[in-house]
Amino acid sequence: MKFVVTAGPTREPIDPIRFLSNRSSGKMGYAIASAAIEEGHEVILISGPVALSPPVAARVIQVTTSDEMYEAVHGALAKTDVLVMCAAVADYKPAATAKEKIKKRDEALSLELVPTRDILKSLPKTRDYFVVGFAAETDDVEKHAREKLRHKNCNMIVANDVSDSASGMESDENAVTIFLGDGEMKKISRAPKEKIARALVKIILETSKRF
Ligand code: C5P
């Protein structure tokens, strides 16, 4: 099977030296890419800026901004069987990027933000690949994950509770709940991200066969 996996954060430039980003380390996405390769699948890994070495057998596409990730995902989808959108793509970006470094002043500075293009929502409704989205939530995880499953055009949502510092963003461990379109729910309890990734790849493959 052919996997496209996105990982890491995006950076949305404010001026030539400043950007908006988030705490995503890319560990979960890289672990999913490795687990799929271990099982003999082909992987295109579309990665934001992270401090990790990609699995040797992956074809890696490095991106920085949400717009670059959008283009890279659409460019990679032609022969995909499974898209795993694990990246923490920024939801907002500066309305404009200053050409010169913004000078420090004594008064408050407001930054206008506009929504980024939502990659999941931009995918065609009729398609022949399986789409997995991620939801990092600090509250009401199940409610928000089910909403994302409906509104974000995914076949499966993997939710992690990032309010707990022992799992989720930056951590080496994670605990996830998987929500499927038919109302089914599966839990993978706290474990190293490599182990979670192997379990996820198995569930993705089993579930994608039913679609
Ligand atoms: O809405 P939220 O950002 O919480 O949704 C997370 C899911 O949506 C992740 O799978 C992420 O990769 C994806 N996403 C996207 N395009 C964006 C923002 C998030 O596809 N602009």
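**Charged side chains and salt bridges**

In total, 15 salt bridges are present in the structure, which is a predicted model. Side chains of opposite charge can pair when their charged atoms come close. One such contact joins aspartate 67 to arginine 117, with a distance of 3.1 Å from N to O. Aspartate 67 belongs to helix H2 (residues 66-76), whereas arginine 117 is found in the loop between strand E8 (113-115) and E9; the pair therefore ties together parts that are 50 residues apart in sequence. Both partners are partly exposed: the relative accessible area is 26% for aspartate 67 and 36% for arginine 117. These two residues also take part in a network of salt bridges that includes Glu71 and Lys93.

A further salt bridge is formed by lysine 148 and glutamate 137, whose closest N and O atoms are 2.6 Å apart. Because lysine 148 is located in helix H3 and glutamate 137 in strand E9, this pair ties together parts that are eleven residues apart in sequence. Lysine 148 is partly exposed, at 24% relative accessibility, while glutamate 137 is buried, at 8%.

Within helix H3, glutamate 147 and lysine 143 are four residues apart, about one turn of the helix. Their side chains form a salt bridge in which the closest N and O atoms are separated by 3.8 Å. Glutamate 147 is partly exposed at 26% relative accessibility, as is lysine 143 at 45%.

Charged residues also contribute to the surface. Asp139, Asp140, Asp161 and Asp164 make up a negative surface patch. Of these, aspartate 139 is situated in the loop between strand E9 (130-137) and helix H3 (141-151) and is partly exposed, with a relative accessible area of 43%.

Notes. Residues are numbered from 1 along each chain as its sequence is written. This is a predicted model: local features need pLDDT of at least 70, side-chain atom pairs count only at pLDDT 80 or more; totals for chains, interfaces and linings use all residues. Side-chain values use heavy atoms; hydrogens and water are left out. Patches are made of residues with over 30% relative accessible area and no salt bridge: like charges are joined within 9 Å, nonpolar side chains (Val, Leu, Ile, Met, Phe, Trp, Tyr) within 5 Å. Accessible areas come from the Shrake-Rupley method with a 1.4 Å probe; for residues, only the protein chains shown count as cover. A salt bridge is a side-chain nitrogen of Lys or Arg within 4 Å of a carboxyl oxygen of Asp or Glu. Lys and Arg count as positive and Asp and Glu as negative; His and the chain ends are not counted. The place of a charge is taken as NZ of Lys, CZ of Arg, CG of Asp or CD of Glu. Helices (H or I, at least four residues) and strands (E, at least two) are DSSP runs, numbered from the N terminus. Buried means under 20% relative accessible area, exposed over 50%, partly exposed in between (1.4 Å probe, protein chains only).
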